[in-house]
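Colleague: I should be grateful for a close look at one chain of this model, together with its setting among the other chains. Please explain each term of the analysis where it arises.

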Amino acid sequence: MRFRNHAFALMLGLLPAMVATAGRAQNEDEIVLGATCAVTGQLAATGLTVFHALEMAVEDVNAAGGVNGKKLRLVNEDAGSSNSSAVTAYIKLVQQHKIPFAFISSYSPQIIAQSTEIARVGIGAMHAGGATDIEALNNSYLFRIKPPDQVNTKAVASVALDDLKKKKPGLIYVQNDYGQGFARGLEEIFAARGIAMIKESYGPGDNDMSAQLQSLVNQGADVLLTAGFNRDSALVLRARKALGITLPVVGQQALGVSATTDLLEADELTGIYALVDAVLDERKAYDKTDFLRRYEERYKLKPDPSFITNYYDGVWMVADAIKQVGEDPKKVRDFIAGLKDYNALTRAYTTDAKGNMTNDVVIVRYAENKVQIPVRMFSALSGAAAPGPDQSASDDTTPAAPTAAPSAIKAAMQTMFNGIAIGCIYALLALGFVLVYEATGVVNFANGQFVVIGAFLGISGIAALGATVPGTMLALAAMIGLGILFFFVVYRPLQTSPVVTVIVGTIAVGIIVQNIGLLIWGPLPQRLPSPFGVTPISVSGIVVSAHIVAVIAITALVVAGLYLLLYRTVIGARMRAVAQDAEAAKLMGINVAGIYALTWALAGGLAGLGGLLMGPVWFVDASMGDALALKSFAATIIGGFGSVPGAVLGGLIVGLAESLGAAYISSTYKDALVFLLMVGFLIARPQGLFGEARGDRG
Amino acid sequence: MLKVDSLSVRYGAVQALDNVSLHVAAGETVALLGANGAGKTTLLRTLSGLVKPASGAMILGDAVLTVGAEARVRLGLVHVPERRRIFGGLTVEENLKVAASAWAGAAADLSGDLDKIYAFLPRLKERRAQLGWSMSGGEQQMLAIGRALMARPKVLLLDEPSLGLAPRIAQDVFDRVAEIARQGVTVLVVEQNTALALKVASRGYVLETGRIVTDGASTALLNDPKVREAYLGRA
Amino acid sequence: MSADKRQLIWLALAAALLAVAGLTLEGYSLRLLNLALLNVITVIGLNFAYGYCGIIHLGQAAFVGIGAYVTALTTVKLSWPLWASVPTALIASAVFALIVSVPLIRLKGHYLALATVGVNVILELVAKNWIEVTNGYNGVPGIPRLTDAWPAVPTEKAFLPIVGAMALVVIWLALRLRHSHLGRAMIAVRDDETAAVTVGIDVGRIKVLAFTLSGVVGALSGVLFAHYTGFISPTDFAVAQSILFLMMLVVGGEASVLGAILGAVALTFLPELMRDLAAAYVSAGGGEKDVIARMLKDGYLVVYGLITLAVLMALPKGLAGLITKLRGARS
C-alpha cells in the first residue's frame, strides 16, 4: 500500500518536470537576449536595477530600429538568492531560448557557480562581479563590464598613498565575499609598498560600527578606508561623524551611489572620497537618450551610475556585435573579446585577455550638499595617478590636527552606551516574544519581520500624512492591528496543533510578511524620519543624538508601563492568570480569547515600536528581519523565556555583547560569540537568567 | 436549577459518559459519587463548558446551555476544578480579583466583595499578599473556594475538594461548603470521600463507568451496598 | 507476496520511471529533478529526527554543509580521492551530530528548535569567516565532479542515475528502519516519551541515534551536492535552507517517508510551476505588470509561505495524509 504511494509520489514529481520541459516557441523575427538577474530575494537590490537597465536599453535599441531588421527581446530568468538557483536559471535560459549572448548575475559567487555551464554551452556572458576569483576560472566566455575589484583596490590605495600621502591605512569592511576580497586585495597592495594595513570588520546585519572605527583610530590609523554595501556603509559614515573622527575617508563604489547617500546628511559626506565607474558628463553623446532621467522617472529609483550605464552600454555593444557579425554566439563572443577603444555611450571599452572590458574607475570627492567632484581617472593599465582637474583639492582634506584617541574609559563608556541603545531594540523584540509565549505558549518566529514592516509602515505613514508624528502614530496603530489580525488568522486556527506546527506556521508567516514587504517597499535600504533629532551631539565626551536618547527613554517607559500593566492592574492579573492556566482562567469567567487578542496586539505594537525606533538611526531594509529575530532569540534565551525583566536584560546583554565584543574581543567573531552564549545557556541553563525552571510546554 | 438530560460524552473511541441524567433543585446540595475514572470530572467539565458533549442537553434555570465556558460563569455556573488549580504566580488577592471578571469590568471596585470573602475565609485575609504557590493544600482549597465565590455563583460545582487534604482540614473545607449552601447557593459536589460528601448533601448520585447506577437520599446511599460496589468493584 | 518483495518491485518501478525521465527530459527539467532528489535525501534524513523522533530540527542544512565542506576541502586542498573523502565527510558529520545531540536532546519544543538554529548559525559564521580553511564567502570552487567520469554525457543526464540510485537506496533503508525495532522505538519516543520510558526504551540513546542518523543522511546529500555542482559556498547551508527542509517535511507529511518525498519534490518544483503559471497568465492576455503576474513570478516565496500555512491548518498530516485519505485508509 505505502509502496504504491511512493511510486505515485515519484510520478507526481515527474509531472511538473515534464511540464517544465516545453520550450517556448521562438519568433523568427526577433532576437532574444538572455539575462539571469536576481529579481527576488536578498540579491534583488542590485538584480532589479540591472534588469531595469537592460530593459530600457533593449527598448532604446528597438526604438532606434532594432538589429538587422529584427527586434530585440529580453528574457530574464530569476537567479534567486542562492548559487544553485542562479545555475538553474541559466540552464533554463539557454535550454528554452536560442540566445547569442547573456547578461548574468552581478554577484560573484553566483557567477562562479554559473561558470561551468557557461563554458560548456559556449555563449558569451557579461557580468559585473568584481571578485578576483572569477579571473582564476579562466573562462573565456565571461566578460566583466565594470572595473574588477583589483582596480578598485588599487585606486583606493592610490588615493590613500599618492593623493593623501598617508602611511597607516585602516580598513573597515563588511564580512562577506565582497568585503573579504577587498580586504585581501588591499592588504597585498599595501604590503608590496611596505605598509602594514590595519583592519576591522562587521557583519552585514550589524547596526553599530563605532567600536570598530574607534579601534582603528586607537591603533593609529591616519586614513579610513571602507568596503561595504549600502546600508552598512551609510552606518559607518554616520558613526564616524558621530564619534567626531576627522580622518579622511576613502571608500569604494558603495559610497558613490544614491542608495547609500540618500540615507545620510550632507555633512556626513563632505570631504569623503569615493569611486564611481563612470562620470556622466552632460556633454557626452548619451545625453541624447537622456537615459538616467528616464530611468528615474520610470522606475522611481535613482539609478546607480556604476551598474546601470555599464549594462546599458553592454546591450548596445552586443546589438552592434550582432549587426556586424550576425547571431552566431561564437562570433558575437569573439567580437566582444576583441573590442578596442570601442566608444560606447559612457566611455571607451577595451577588452583585455582576462575578459575585463574596462579597467578604469573615477575617483570623486564630495563637496558640500552631496555634490560629487571628479578628482581624477584611475586606470589600472597605467597605474600611476594621472593628473586631473581637481588635484589641488586634495590638500585641504588633511585635517589640521590628528584625531585624539579618547581615554580608555570614555571609549568604554561610549561603547557601552551604543550597546545599550541597540540593546533596547532587542529588548522590545524580546518583550514581544515573552508576552506572547507566556500567554499563549507560542514562540513567534515572525517577530523580526514585524519589526521591519513597522519601520516600512512608518515611512509610508509619514509620506501619506505628510507629518512625522501623526505618520508614526498611524504606523503604530497599523502594527497593533496587524497583531490582532495575526491572532485571528494564524493563532486561532493553529491553537490546538502541536508545538512544531505552530513554530513552522509562524516561520511561514515570517516568509510571507518579509516578501510582501519586499514587493511593496522594494529591496533598497530606507531611512525613516524621526520626531526627535538624529544629529549627534557630544555630551561630556559621549556622542549621543536626541533620537538615541529617546530610544532608551521610550524603552524604559514601555518596560515600566508593561510592568504596571501586568502587576498593578486587574487586566494584567488576568493576563498572567491566562498565562499560567488558561483553562482555570476560563472557569473564572476570564475572557481568554480576548486576553490572547490583547497579547497579540501588544506584541504587534512592541514590534512596530521597535521598527519605528530603529529606522531613523539604523536604517531598515527588507533583509534585516532574520538577523533581528536571531539576536532577539538569543536575548530571550539568555534573559529567560518566561520573564519580562529577563527579556529586557537579555536584550541589553546581547546589545552590549555586540558592541563590547566588537571593540574588545573580535569584530569578526562577535556574532558567533553571542550565539555560543545562547547555545550555552540552552544547554546549561535553559531558563535563562531570570526564568523559572518550569516543565516545558510542548 | 440545574438539569442534565441524557448527556453523552466521548473521548475518541472511549465513552466517558453514557446517557447521564440528573437534576439539582435550587438551593439543594447534591453529591456525585463514584470511583476513579467513573466520569465524575468529565461531567463537571462538560457542565462548565470545557468539554463538548456528543449528545444530550444541560439546562441552567430555564436556559439550555450552549455557550462557552466564560459565558457560563456569567450565567452563574462556577466550577472549582480538580486539584484546585489556583494561579500560583498571582497573590491571593489577585486570585480573588481576577475571578470577578465575569461580572466586573476592569476598573470595578471589588472591595465590597473582597471584604465579604475575607470575612468568610479569614485565613485568606492573612495571606492576601502571598503568592499562590506558597500556600498549603488546605489554604489553596480555601482560596479556590473563595475565588469561586468572587464569581457570584448561583450554582457551584466542586470537584473533589478533599483531595490530598488531611481529614481535619477536609472537614474544615466541607464546613465552609455547608455554610455556602446555607446561603442559598445550589451545590453539586463530586467526591470520593462518600461520608464527607453525603453529610453536606441531601441527595446523591453514583456514577460507574459513565453511567448513573444509583441515586437517592443521602441517608439511604450511606447504607447502600451498591455504593460500596461502585467503589470496590463487583466481587 | 511478502512485503519486502513488494517493496523492491515498487522501488524497481520507480527506478524505471527515473530512467524514462532521464532519457526523455531536457537539461533544465532534469536539473530540477536532480535537485529535488537531493532534497528528498536530505528531508528523509530530517524525518528520522523530526518525523519519527519528534526532535524539532532547524539545523539540517548545517549537516548537509558539513558533508559538502569536508569532502570539498579534502579533495580540493588535500587532493584526496573520493573513496577517502566521502567516508570522512560522513564520519565527520556523524561525530559532530553525536557531540551536539548529547546536550541538546534534554531540550524540548522551541528551546530545542532555537538550539538547532544556534548550531546552524555558528557553523555558518565559521564557514564565512575562517577564511584560511574554508575560503570564506567566496566558497570552494573546482570540486571534482562525479559526472566528470562521463564527459560525453551532459551533466544533468549523467548525474540523474547517481542521485536517483542513492535516493532509492536511502528510501529503501528508511522504509526498513521504519518497520524495525529501532524505528518503532523512535516513534514510541515521539508519541509519548513517558510511556516509552516505562516500557524500557532508553529515550536518550534513541534521540541521539535519530539525530545522528539525520546528520549522516544530510551529509550524504551534501557530499552529492558538492560533487555535482563543483562549487559550494556558505550561503548554500544557511538557516534559511534548514527552514525550507522542515517546511518540506511538514507540508509533505511528517513521520512518513512518502511525506518526505512529496514535500521535497513539491516545494522544489513549486517556484517553477508558479513561473509557468505566470507565463501562461501573460500569454492568455493578462498584463505582465499587474498584481497577479507579479505575485506569480516574483512572489513565489509568498505563495510558499501561504501554502505551508494552509497545509498546516487544513491538512495536518500533509500531502501524504491527503493521498492516504483519497485512496481510502486501507493500510
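Modeller: The account below takes chain B, then its contact with chain A, and then the surroundings.

The model is a predicted one, in which local features need pLDDT of at least 70 and side-chain atom pairs count only at pLDDT 80 or more, whereas totals for chains, interfaces and linings use all residues. Residues are numbered from 1 along each chain as its sequence is written, and chains are lettered from A and ligands numbered from 1 in the order in which they are written.

Chain B contains 10 helices and 10 strands; these are DSSP runs numbered from the N terminus, a helix being H or I over at least four residues and a strand E over at least two. Its radius of gyration is 17 Å, close to the 18 Å that the globule rule gives for 235 residues, so chain B is as compact as a globular protein of that length. That radius is taken over C-alpha atoms, and the rule is 2.2 Å times the number of residues to the power 0.38. Along the principal axes, the C-alpha trace of chain B spans about 50 × 40 × 30 Å. Of the 235 residues in chain B, 46% are buried. A residue is buried if 20 or more other C-beta atoms lie within 10 Å of its own, exposed if 12 or fewer do, and partly exposed in between, with C-beta atoms placed from the backbone. Two residues are in contact if their C-beta atoms, placed from the backbone, lie within 7 Å. Among the contacts in chain B between residues at least 6 apart in sequence, 66% join residues at least 24 apart.

One residue of chain B merits individual attention. A102(B) lies in the loop between α3 and α4 (111–120) of chain B. This residue is buried, because 22 other C-beta atoms lie within 10 Å. Leaving aside residues up to four places away in sequence, A102(B) touches V73(B), R74(B) and A151(B), as well as G589(A). T209(B) is 107 residues from A102(B) in sequence, and their C-alpha atoms are 34 Å apart in space.

The contact between chains B and A takes 22 residues from chain B and 17 residues from chain A. On the side of chain B that touches chain A, the elements giving two or more residues are α2 (69–74) and α3 (92–98) of chain B. Of these, α2(B) gives the most, with four residues. By class, this side of chain B divides into 11 nonpolar, five polar and six charged residues. Here Ala, Val, Leu, Ile, Met, Phe, Trp, Tyr, Cys and Pro count as nonpolar, Asp, Glu, Lys and Arg as charged, and the others, Gly among them, as polar.

The remaining chains set chain B in context. No contact joins chain B and chain C, and their closest C-alpha atoms lie 17 Å apart. Of the two pairs of chains that touch, A and C have the most contacts. The contact between them takes 76 residues from chain C and 77 residues from chain A. Among the elements of chain C that give two or more residues to this side are α1 (3–24), α2 (27–52) and α5 (109–129). The largest share, 14 residues, comes from α5(C). The side of chain C that touches chain A has 47 nonpolar, 18 polar and 11 charged residues.

Chain C itself has 15 helices and zero strands. Its radius of gyration is 20 Å, which agrees with the value near 20 Å for a compact globule of 331 residues. The C-alpha atoms of chain C fill a box of roughly 65 × 55 × 45 Å along the principal axes, and 58% of its 331 residues count as buried.

Chain A, the partner of chain B, is divided into domain 1 (27–147 + 286–349), domain 2 (149–276 + 371–397) and domain 3 (419–624); the bounds come from an automatic or database domain assignment. The centres of domain 1 and domain 3 of chain A, taken over C-alpha atoms, are separated by 42 Å. Four residues of domain 1 are in contact with four residues of domain 3 in chain A.
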